[in-house]
Structure formats: C-alpha cells, structure tokens
Amino acid sequence: TMIVKQEELSATIDLTGEVAPDPDRLARVAARVQGRIVEVSFREGDWIRAGTVLAVVESAELAHARASLTSTGARARAARQNARRVADLGEKRLASAQELATAEADAKAAEAEASAARQSLSSYGIGAFQFSDNAARLELKAPIDGFVLKRDAVVGQSVAPDSVIAVIADLNRAYFMARLFEKDLAHVQVGSIAEVRLNAYPGQTLQGTVDSIGRQLDPDARTVIARVLIEGQGSVLKAG
C-alpha cells in the first residue's frame with residue numbers, strides 16, 4: 001500500500017516514424033576501379049568487422065597504374081642516385097655546374113612523375129598499394145564494423161569505379177526518425193526523453209533522447225523530423 005498523493009502527469013506526444021542508421025556510422029563500399037568481380041565473401045545481414053575482405057576485383061586499369069608507379073619509382077631512384085654521383089664529382093671538380101644542374105633537374109622531374117603515379121594509384125584506396133604477384137587484383141575491405149544492409153555483388157559482375165557493392169551500418173548507434181507535427185513543435189525540445197516501441201517487438205521499450213529537430217516542414221504533411229538517438233540496441237534494430 002502507499003499513501004495517495006496528488007502529482008502532475010507529464011505530457012506525452014505519440015509520434016510515428018522509422019529507424020535509420022547514423023550517417024556517421026554508415027559506409028557505402030564502392031568498387032573504385034573499372035573491372036570484374038572474381039570473389040565475394042559476404043552476405044546480406046552479416047556482421048562484418050572493419051578490415052574484412054568483402055570482394056576481390058580484377059582490373060587491367062589497376063595493373064597499369066601499379067606498373068606505372070613501379071617504373072616511375074625506379075626511374076626516380078636512379079635519377080636521384082645519378083644526381084648524388086654528379087654532386088660528388090662536382091666537389092672533386094670533375095663535373096661542371098651545368099652537369100650538376102641537369103642531373104638535379106632530371107632527378108626532380110623523375111620524382112615528380114613518381115609522385116603523380118602514387119597519387120593516381122591512391123585514388124583506388126589503400127588496398128591498391130597492397131599487392132603481390134597479380135597486380136590486377138584489388139581487395140575491397142569493410143571500412144567500419146557493422147551489419148551488411150545491402151549487397152550488390154556476384155562473381156563475374158562488371159563494375160565501374162562508382163559501383164556500390166555493399167552498404168554497411170553500425171546500428172548500435174541509430175536514430176528513430178519521428179515525424180513531428182507542426183502543432184506539437186512547442187512541446188518537444190532537444191534532450192527530451194523518448195520511448196520507442198517497434199511493431200516487431202510490441203512488448204519491448206527502447207530508451208532514447210531527442211538529438212535534433214529539423215528546420216524545414218514537409219509542405220504536404222506539415223511535419224518535421226525529430227531524430228531520437230538510440231544506443232546499444234544494434235541486435236534489435238533494423239534499418240527502415
């Protein structure tokens with residue numbers, strides 16, 4: 001038993017919406033190179049660790065870029081070595097200032113070509129610098145921990161640099177995108193406590209807080225999006 005007392009009921013507002021990943025914990029893995037997929041090692045719904053190899057692409061374009069870096073790097077090292085040799089001869093008065101200037105210019109030009117080749121190869125990602133016998137193979141790795149929300153990769157598929165083969169999201173930090181009507185705007189503030197109930201788990205209540213409130217009304221529905229932050233529920237939440 002307890003003594004009856006008078007208290008004030010907290011005002012509540014019911015909102016509908018859907019779950020969305022945190023944009024800062026969402027990754028779209030692109031092929032980054034023109035080529036063909038030769039290996040796929042993930043499935044939709046899998047939990048993936050950062051650094052896991054998702055697929056392997058073979059690309060003649062990539063092989064050419066790697067060969068270019070190797071050859072320009074070798075020329076740059078040889079030119080620099082020659083410049084040092086000419087500089088040593090110059091100190092002994094066995095080489096002219098003109099020969100020294102020419103050798104230094106050649107070395108700098110070769111080093112500039114090597115730097116350009118390295119920058120060109122870096123556009124394919126860090127994995128472009130990691131290769132052994134087959135210079136045409138590129139491993140595509142997961143950049144973050146998370147669940148695979150979407151897979152668009154099969155063996156033999158041709159891909160372009162902007163082809164997205166996988167979408168990965170860490171749902172341990174996600175948002176409930178609640179639709180807040182214009183008439184209720186004054187009653188909800190950033191930091192307000194929220195309880196989220198999903199249709200899939202009607203008996204379970206997820207705790208969250210209002211992280212942000214949109215600044216633009218939907219002209220038709222007259223609503224804005226209130227983003228409710230939910231943390232630590234990655235095993236329960238489903239995007240959408």
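This is a short tour of the structure, moving from the whole chain to its helices, then to one sheet and finally to a single residue.

**The whole protein**

Keep in mind throughout that what you have open is a predicted model. Begin with everything displayed as a cartoon, in which you should be able to pick out 2 helices and 13 strands. The radius of gyration of the protein is 29 Å, well over the 18 Å that the globule rule gives for 240 residues, so the protein is more spread out than a compact globule. If you turn the C-alpha trace to look along its principal axes, you will find that it spans about 105 × 45 × 45 Å. Now switch on the surface, whose accessible area comes to about 15200 Å², with 50% of that area belonging to carbon and sulfur atoms. Of the 240 residues, 32% count as buried. Among the contacts with a separation of 6 or more, 74% come from residues that lie 24 or more positions apart.

**Helix H2 and its cover**

Select residues 97–122 next, which make up helix H2. With 26 residues at 1.5 Å a residue, helix H2 should span 38 Å, and because its end C-alpha atoms are 37 Å apart, the model agrees with that expectation. Within H2, show the side chains of Ala 103, Ala 107, Ala 110, Ala 114, Ala 117 and Leu 121, which are buried. What covers these buried residues? Add residues 60–91 to the selection, since helix H1 is included in the cover over the buried residues of H2.

**A sheet of five strands**

Move on to the open sheet of 5 strands, which has the order S1-S10-S13-S12-S11 and antiparallel pairing. To find its edges, select strand S1 at 16–21 and strand S11 at 193–198, each of which pairs on one side only. As you rotate the view, note that neighbouring strands of this sheet are turned by 40° against each other on average, with direction ignored. Then add strand S12, residues 201–213, which pairs with S11 in the antiparallel sense over 5 bridges. For one such position, select Glu 195 and look across to its bridge partner in S12, Gln 207.

**Thr 223**

Finish in strand S13, residues 223–231, by selecting Thr 223. Is Thr 223 buried or exposed? Its relative accessibility is 7%, and because buried means under 20%, Thr 223 counts as buried. Leaving aside residues up to four places away in sequence, Thr 223 touches Arg 179, Leu 180, Phe 181, Gln 216, Leu 217 and Asp 218, so display these residues together with Thr 223 as the last view.

Conventions: Residues are numbered from 1 along each chain as its sequence is written. This is a predicted model: local features need pLDDT of at least 70, side-chain atom pairs count only at pLDDT 80 or more; totals for chains, interfaces and linings use all residues. Side-chain values use heavy atoms; hydrogens and water are left out. Two strands pair if DSSP finds at least two bridges between them. Helices (H or I, at least four residues) and strands (E, at least two) are DSSP runs, numbered from the N terminus. Axes are lines fitted to C-alpha atoms, for helices over the stretch in contact, and angles run from 0 to 180 degrees between N-to-C directions. The radius of gyration is taken over C-alpha atoms; the globule rule is 2.2 Å times the number of residues to the power 0.38. Buried means under 20% relative accessible area, exposed over 50%, partly exposed in between (1.4 Å probe, protein chains only). Contact means heavy atoms within 4.5 Å. Accessible areas come from the Shrake-Rupley method with a 1.4 Å probe; for residues, only the protein chains shown count as cover. The expected span of a helix is 1.5 Å times one less than its number of residues.
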